[in-house]
Structure formats: C-alpha cells, structure tokens
Amino acid sequence: MGKPVAEAQPKPPPAPLSTLVFGDFMCTSLWVVASSCFAEASEYLAEQTGLDELVLGIAVLISALTIFGPLCGIFGGALFNPINSIALLSSGSGTATSHLLRMCGQLAGAIAGSIFAKTHLPEFLQ
C-alpha cells in the first residue's frame, strides 16, 4: 500500500486591515533601524574574519531578510516595502484603499525608524 495522501491545510483567514497596517508600520520602522547598521556590521565582521566586506554585507542582508520573514508573518503578512503593495494591487489582490493605507503605515514606519535611528544610535552609525 502507498502512503496516505496528506490533505491540504485550509488557508488561515486574512488578518484584519488594522493588524496589517500596524504590522507594516512596525516592520518598516524596525527594518530602517536595523538596516542603518548593515555597513558597520559587515565592516566589523570583515575585520574579525578577514573575509571580503562585500560578501559579508550580502550575508548580513540575507540574514536580516531571513529574520524579517517570520516577523512579518506574526503580523499576518506585514510588508516593509511599498513596491510589494503596488505589485499586489496590480495583480488584483486587495483593494486600492487597503494598499494605500498599508503604504501610509509603511511611510510612517520609515519616518519613525529614521527618527529613532538618528536619536538613539551612536554617532558613528548615523
């Protein structure tokens, strides 16, 4: 006898728009703060390991994107790039109003992250 066929898992219901907008705000602000440290992180790692700084910079970027995937999932599929919202809108997924609200959340998150990075990170990271 063959293996039993696994039944497809039902898709979870979509997250409420307020959760998505808040998630877009949070993920974007965290991304802006984190990405302001990428160059310094790769420079430090290059000094410590002797590897090429460009390669380490790409590794830091990929690591951050890998971490942000599940973080965005916590907020029901948050996005931190307005181009993703535009792409989803152009593919017919969602409404124009919901995507505009999400892009506003992303913009507010980018501004908040920039202000936080400017005021709280050490001078050499600014």
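**Close-up 1. The buried residues of helix 5 in this predicted model.** Welcome to the first view, where Ser98, His99, Arg102, Met103, Gly105, Gln106, Gly109, Gly113 and Ala117 are the buried residues of helix 5. Their packing partners are helix 1 (17-35) and helix 4 (82-90).

**Close-up 2. Helix 5 from end to end, residues 96-120.** Here you can follow a helix of 25 residues from its first C-alpha to its last, a reach of 35 Å. That span is close to the 36 Å expected at 1.5 Å a residue.

**Close-up 3. Phenylalanine 116 and its surroundings in helix 5.** Is phenylalanine 116 buried or partly exposed? Its relative accessible area is 39%, and buried would require a value under 20%, so phenylalanine 116 counts as partly exposed. Once neighbours within four places in sequence are set aside, phenylalanine 116 is in contact with Val33 and Leu121. For a sense of distance, look across to leucine 89: phenylalanine 116 and leucine 89 are 27 residues apart in sequence, and their C-alpha atoms are 30 Å apart in space.

**Close-up 4. The largest nonpolar core, with 5 residues.** Which residues make up this core? They are Trp31, Phe38, Val60, Ala64 and Phe68. Helix 3 (residues 53-74) is the biggest contributor to this core, giving 3 residues. As a general backdrop, nonpolar side chains in soluble globular proteins tend to be buried together.

**Close-up 5. Alanine 64 and its contacts.** Zooming in on one member of the core, alanine 64, we find it in contact with Trp31 and Phe38, leaving aside neighbours within four places in sequence. Both of these partners, Trp31 and Phe38, also belong to the largest nonpolar core.

Key:
Residues are numbered from 1 along each chain as its sequence is written. This is a predicted model: local features need pLDDT of at least 70, side-chain atom pairs count only at pLDDT 80 or more; totals for chains, interfaces and linings use all residues. Side-chain values use heavy atoms; hydrogens and water are left out. Helices (H or I, at least four residues) and strands (E, at least two) are DSSP runs, numbered from the N terminus. The expected span of a helix is 1.5 Å times one less than its number of residues. Buried means under 20% relative accessible area, exposed over 50%, partly exposed in between (1.4 Å probe, protein chains only). Contact means heavy atoms within 4.5 Å. A nonpolar core is a set of buried Ala, Val, Leu, Ile, Met, Phe, Trp, Tyr and Cys residues joined through side-chain atoms within 4.5 Å.
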